Amino acid sequence: MTTAASPLEAEERLTSRSSSKEQARFGWSMLSPAMTILLIMSVAPAIYLFYVSFRHENLLGPGSGFVGLQNYIRVFSSPENWSGAVATFQFVAISVVLELGLGLGLALLLNRKFPETNLLAALFILPLGVAPVVSALVFRVLLDPAYGWVDYYLQLWGIISDPIDWLGQPFTAWVAVIALDVWQWTPFVALILLAGLSGVPAEPKEAAMIDGAGPIRLFWHITLPFLRPFIAIAFVLRTIEAFKTFGSIFVLTNGGPGSSTEVINLDIYRIALQNFDVGAASALGIVFLLILSLITKQLLAILGRSTDIMEE
Amino acid sequence: MSWLGKLITRVVLWLALVIVMFPILWVLLTSFKPAELAQALPPIWDFMPTLQNYRDVLSGNTYTSQVFGVLLNHTIIVTLSSTLLGLAAAVPAAYALARVKFAGRQATANWILSTIMFPPAVSVIPVFVIASRLGLTDTWPVLVVPYAAFGLPMMIWMLRSAIKQIPFEIEEAAMVDGASRGQIIWHIVLPLLTPSIVSASLLAGMLAWNEFLFALTLSRSAIKTAPVGISEFTSMYGTQWGTLTAAATVTVAPILLIALLLRRRVIEGLTFGAVK
Amino acid sequence: MASLGIQNVVKSYGVVPVVRNVSIDVADGEFVVLVGPSGCGKSTLLRMIAGLEMLNSGKITIGSRDVSGLPAKSRDIAMVFQNYALYPHMTVAENMSFSLRLKNVPQEEINRRTERASKILGLDKLLDRRPGQLSGGQRQRVAMGRAIVRDPQVFLFDEPLSNLDAKLRVQMRTEIKELHQRLRTTTVYVTHDQIEAMTMADRIVVLHDGIVEQIGSPLELYDRPANQFVAGFIGSPAMNFIKGHVDASGQTFVAETGAEIALKDTPREVHGRTVTLGIRPEHFVLDAQNGLASQVIVVEPTGAEMQIICQFAGQPVTAVFHERLNVRPDDVIKLAPKPEAIHLFDAATGVALR
Ligand SMILES: Nc1ncnc2c1ncn2[C@@H]1O[C@H](COP(=O)(O)OP(=O)(O)OP(=O)(O)O)[C@@H](O)[C@H]1O
Ligand SMILES: [Mg+2]
């Protein structure tokens, strides 16, 4: 081949001297569609919220304008927001702890090989697919004091004497809200941990057994360390999702009775889209976002420490 | 383990199954009950199964404002388009994060992951306000773009780790074989990514299919989705259990069937690919 | 097919130089082997020829075409990777024909070429399998098939045999050599196994720390190593080195222990100089009269030959004999190097003195 470089080759020559600049250009251009979508749905809303949080902005009423820190002062002086914050953390903490505990137990049981375990493990995936709205509605109907099956059977079996208005009292409403979340997401945790358990090698276990370790020490020293990354993944993902929970509580209790189960998400939604006070909702949203980003940072650090999914 | 231990284990497992399955089976059972028996107490267990509830739901013979079948169609459209949009954005992004060297790569990847913490209840406010101002409420993009965004971090992270597991030498072999970067992605990377793409799409699809808040806030009738429609079965004139459960069944069944069939892939998706 | 020119090629990663000013001319149809210890830059050089790494400076030409700035896909070279890098989702036939399909070669032509390559490599029966269903040796062959069907200007091999077991390695070595004799494609072959280099190469390039130490035919390198590094690297077991000086007459080498070894035909310039003496294990003889008394440390019979490690002129050396000797550890034998096979190297620079 003795042909001189064709124009095409000359062009390639330019592009292929892939300097780091060109690599960067290529990388960012590949990233740009995803970045655009994510910027539209995270940074842009955050900036808008920040801007509006210093304004009086009422979707219906007149007179929007700059109000300084007034929205923030209102946010921090409203007892409803404080109780909403308490409700949120209460909801996240209790449901995540229950889901992890029950999920671990379920995973350990499923890890024993009985003829039916594969079938059971397969069926346990079903709750994750049910739309939260649907499961919340079903819980609501089942907990109905007049027609619900739960009260009926509890009475029939003599566990309670009078029907309970589950969603009518703060404590039982909380029980219902947590039960719904636990029902929907414990199997998720269990399936992650089951996948982790199936990777626990037999050899160290056998070696430890020969060394005379009992089942508890075996679990503590052999099984648990292997499960650690899986527990971290389940914990982090569940925590983040629990902070975002909206639909299921909205449908099940709508924050009631009173505002006893009104987590921040419902609070914000109500202020913005039912009271149309966008300024105050934005201020609350910004505060919530700040707290969440601090928490997320910690959670992702946990993920980075316990798993290799964050590695370069 | 002693026989007693085994027995207890199995009893507990079956009990857990009953608890897990009960709400789902209750929906299924009630959806086939004649309307007048649905709310009866004590619960009626032997009845002539009827498809009347399904007929009512799908033909619009309910108290809700719209025929449920139409809402299902909307759900399908929104789910497919947001998943495809997400995929189209996620594959090149994941490739860049896995294979292209540039400053800020890891920071970008971490930032993308951290966007999963943005609560939809917060982001819905600006989206709602701006969509109203631009007259975009009740149009496809106001659901499709946010749903794509909800699924994106997971898709990108999953595909990125899957791409990293493809030995780079295979791509180099393709370069030497005369493939351009685009051809390498199309002929080599994409086929090898198929399982992960299925996982990621399944999860993104499930998120979109089941999403409630944005659909509730941003749709009126033209794009109203099934979850919003279902929530209306209770709010209008009390609850009609028969049609409610039938609507719930048609909404949930496709997802559950897919989840059962492609269990591994679904779990892989739910855990961002951390559990294979 | 074409000649391949590598001129003053320099490559560094950051500030670490990996290939420093390397120039090699490979003639059309020649089989050149790059050898050198691990990390000396062999793969880097090969990947620069392939277009997988860019040069910092210098020039690479294929035929009369300067390809230095071209991407891999436009260079018309084929490469066999150490781990084969087969496309896992394609069948053997699809793996081999991928490059042709990219170029939109007509299907008939593709079939013809794939068939020919698979016949040459004995892959005809495996065409519908996936790489996952093949043995290591078969995968290796598919990787070569992928290169052959293209009929490229240059073949590049990066340690293609290192993942095979010893027996298969020897067999594939012969096959690759036969293949080359048949196709006569210009080939650059990287290995760190000097036996592979000796048996396959038309010419060997010895690379060390990114520098070419010597280029020459296998026997040239064996007989006339340019320096102590090449002398030590080529040949197995490796050449023995003994420190000392040449006496003023040039007749005798005096080791640091005072032991004396007779020399022959030494050039004037070495007389009286501090040098390192090199002697290959196979160039020792037993000499009851002039040999140095050496205590045997280890005896390793391999059947065809005997390797004896013994204390010679104050240090352990390896000697190889083709006859069976009746020696045991702690025996004392009288060992002498053949004077005509002795190499002398400058003690400071390692350059061969002859
Ligand atoms: N991408 C890189 N970044 C930084 N240094 C590198 C890179 N690739 C290779 N090196 C360094 O360059 C040197 C030469 O590497 P190269 O792979 O060419 O060695 P080699 O001769 O092929 O060795 P081996 O026989 O072990 O394959 C090594 O010291 C290696 O650490
Ligand atoms: Mg190498």
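This passage walks through a predicted model, taking chain B, the nonpolar cores and the surroundings of ligand 1 in turn.

Chain B is a good place to start. Its secondary structure consists of 13 helices and 0 strands, so that, read from the N terminus, its elements follow the order α-α-α-α-α-α-α-α-α-α-α-α-α. Along the principal axes, the C-alpha atoms of chain B fill a box of roughly 70 × 70 × 35 Å. Of the 276 residues in chain B, 59% are buried. Among the contacts in this chain with a separation of 6 or more, 74% join residues that lie 24 or more positions apart. The accessible surface of chain B amounts to about 10600 Å², and carbon and sulfur atoms account for 70% of that area.

Attention can now turn to the nonpolar cores. The largest of these holds 237 residues. Within this core, the residues that touch the most other members are A:Phe91, B:Phe68, B:Ile125, B:Phe214, C:Leu45 and C:Leu156. Helix α9 of chain A, which spans residues 170–198, supplies the largest share of the core, with 16 residues. Apart from this core lies another one of 42 residues, including C:Tyr84, C:Leu86, C:Phe155 and C:Val230. Back in the largest core, C:Leu45 deserves a second look. When its neighbours within four places in sequence are set aside, C:Leu45 is in contact with C:Ile6, C:Val9, C:Val19, C:Val22, C:Ile24, C:Leu34 and C:Leu207.

The last stop is ligand 1. Its shell is made up of C:Tyr13, C:Val18, C:Ser38, C:Gly39, C:Cys40, C:Gly41, C:Lys42, C:Ser43, C:Thr44, C:Glu159 and C:His192. Sorted by class, the shell comprises 3 nonpolar, 6 polar and 2 charged residues. Helix α1 of chain C, running over residues 42–50, contributes the most to the shell, with 3 residues.

Several polar atoms of chain C are found at short range from oxygen atoms of ligand 1. For C:Ser43, an N or O atom in the side chain is 2.6 Å from a ligand oxygen. The side chain of C:Lys42 likewise places an N or O atom 2.8 Å from an oxygen atom of the ligand. With C:Gly41, the backbone takes part instead: one of its polar backbone atoms is 3.0 Å from an oxygen atom of ligand 1. On its own, ligand 1 has 640 Å² of accessible area, and the protein covers 55% of it.

Terms used. Residues numbered from 1 in each chain as written. Chains lettered and ligands numbered in written order. Predicted model: local features only at pLDDT ≥ 70, side-chain atom pairs only at ≥ 80, totals over all residues. Heavy atoms only, no water. Core = buried A, V, L, I, M, F, W, Y, C linked by side-chain atoms within 4.5 Å. Buried < 20%, exposed > 50% of the residue type's maximum accessible area, 1.4 Å probe, protein only. Helix = DSSP H or I, 4+ residues; strand = E, 2+ residues; numbered from the N terminus. Contact = heavy atoms within 4.5 Å. Near = heavy atom within 4 Å. Polar contact = N/O pair within 3.5 Å; in protein donor to acceptor, adjacent residues only side chain to side chain. Areas by Shrake-Rupley, 256 points an atom, 1.4 Å probe, with all protein chains shown as cover. Nonpolar A, V, L, I, M, F, W, Y, C, P; charged D, E, K, R; others polar.
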